[in-house]
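Here are a few worked exercises on side-chain interactions. Grab your viewer, try each task yourself, then read the solution.

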Amino acid sequence: MDPVLVVGIRGGVGAAVAEQLIQQGHTVVGSVRSQDQVAAATAKLPGIAAVMSFDMADPERTRQVLASRFDNAKLDGVIVCAAVSDYGPLETSSLVDFKRIMDVNATSCLAIYQACVPALRRALGRLVLVSSYSGRLSFPFHGVYQASKFALEALADVMRLEAAEFGVKVVVVEPGGIDTEMSRAMRRSIDSDIAALSAEDSERYGYLYRKFREQLRGATKLPTGADVAGHVVSAFAATDPEPRYVIGDDAQFLIAQRKVLSDREFDQLVKSL
């Protein structure tokens, strides 16, 4: 059995995916963002074969590290779980942060594909990309993150069509809201972010910050990373996987509504949430 690379095993969905694959007998190679995270990730996943480090904020370095590691190798699969997020109105969003989020959530996924597809081709393996329902839906206050996920979805469609010609399957998993460290970090920061708003920004966009705060307070009722990981591993193992798997009641409802409602009707639904 050839190895499976799980990108982003520091926590959340990625760590749970790696753990479940190890329990099933797969040889798992994981990745974390920096070298100082390697020891902790290795200790958390004692059955893991190896842990690499590369920062997806640098797509070219990501491609180089993976191409060197898997040159002339075979991979049964690559599962990309790593992502970063942000929130705030587009008017005040940092362009530097926009580039970083696009690099991590989209550009580096292309870099991973370029580096690993020869190894996947040799093993007739598959690529699983953990996206989000945010790759299909647009809401106020999350435009930067959604732009990166829309880009990932477009890349995945082309990867799927091109890679099918040589026996490699590409699958996208689209969870809705998840209770992860990312959402918990946002819960810790939202109050200070609201307090730091200028009077002008508070008048214009304070209602969006307060609405998001209420949504975050309900995030503990959402599926956990381990819950979502089970769906990711099932998609990876499927004999004939679907191109996309929508995970969670919220994602299934909203994506279904987006298909049947006009833009104006969907805008009204979003405003009511």
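**Exercise 1: a charge and a ring**

Which ring does the charged end of Arg-121 sit over?

Solution. Start from the charged end of Arg-121 and look for a ring beneath: that ring belongs to Phe-166, and its centre is 4.7 Å away. Keep in mind throughout that this is a predicted model.

**Exercise 2: a tyrosine pair**

Work out how the rings of Tyr-87 and Tyr-209 are arranged, and where the two residues lie.

Solution.
- Step 1: Count the pairs. The structure holds six aromatic pairs.
- Step 2: Get the geometry. The ring centres of Tyr-87 and Tyr-209 are 6.5 Å apart and the planes make an angle of 80°. Planes over 60 degrees apart count as edge-to-face, so that's the label for this pair.
- Step 3: Place the partners. Tyr-87 is in the loop between strand 4 (77-80) and helix 4 (95-123), while Tyr-209 is in helix 7 (residues 199-217). With 122 residues separating them, the pair links distant parts of the chain.
- Step 4: Check burial. Tyr-87 and Tyr-209 are both buried.
- Step 5: Widen the view. Together with Phe-141 and Phe-212, Tyr-87 and Tyr-209 make up one aromatic cluster.

**Exercise 3: a phenylalanine in helix 4**

Find out how accessible Phe-98 is and what it touches.

Solution.
- Step 1: Phe-98 is in helix 4.
- Step 2: Its relative accessibility is 32%, so Phe-98 counts as partly exposed.
- Step 3: Skip neighbours within four places in sequence, and Phe-98 is in contact with Val-144 and Ala-147.
- Step 4: For a C-alpha distance, try Asp-86: twelve residues away from Phe-98 in sequence, and 8.8 Å away in space.

**Exercise 4: an arginine without a salt bridge**

What does the side chain of Arg-126 reach at 2.8 Å?

Solution.
- Step 1: Locate Arg-126 in strand 5 (residues 126-130).
- Step 2: Look for an opposite charge. Arg-126 is buried yet has no salt bridge, and the nearest candidate, the side chain of Asp-240, is 7.0 Å away. The cut-off for a salt bridge is 4 Å.
- Step 3: Look at the backbone instead. The Arg-126 side chain reaches the backbone oxygen of Phe-236 at 2.8 Å.
- Step 4: List some contacts. Beyond four places in sequence, the residues Arg-126 touches include Asp-76, Leu-120, Val-168 and Pro-241.

**Exercise 5: salt bridges across the chain**

Trace three salt bridges and say which parts of the chain they join.

Solution.
- Step 1: Get the total. The whole structure has twelve salt bridges.
- Step 2: Take Glu-91 and Arg-204, whose side chains meet at 3.5 Å, N to O. Glu-91 is in the loop between strand 4 and helix 4 and Arg-204 is in helix 7, so the bridge ties together parts 113 residues apart in sequence. Glu-91 is exposed at 53% relative accessibility, whereas Arg-204, at 41%, is partly exposed.
- Step 3: Move to Arg-244 and Glu-174, bridged at 3.2 Å, N to O. Arg-244 is in strand 7 (residues 244-247) and Glu-174 in strand 6 (residues 169-175), so parts 70 residues apart get tied together. Glu-174 is buried at 0% relative accessible area, but Arg-244 is partly exposed at 24%.
- Step 4: Follow the links outward. Arg-244 and Glu-174 belong to a network of salt bridges with Arg-136, Glu-153, Asp-157 and Arg-160.
- Step 5: Finish with Arg-213 and Asp-191, which meet at 3.0 Å, N to O. Arg-213 is in helix 7 and Asp-191 in helix 6 (residues 181-195), 22 residues apart.

Technical notes. Residues numbered from 1 in each chain as written. Heavy atoms only, no water. Phe/Tyr/Trp six-rings, centres within 6.5 Å; stacked < 30°, edge-to-face > 60°. Helix = DSSP H or I, 4+ residues; strand = E, 2+ residues; numbered from the N terminus. Buried < 20%, exposed > 50% of the residue type's maximum accessible area, 1.4 Å probe, protein only. Lys NZ or Arg CZ within 6 Å of the ring centre and 35° of its normal. Contact = heavy atoms within 4.5 Å. Lys, Arg positive; Asp, Glu negative; His and termini not counted. Polar contact = N/O pair within 3.5 Å; in protein donor to acceptor, adjacent residues only side chain to side chain.
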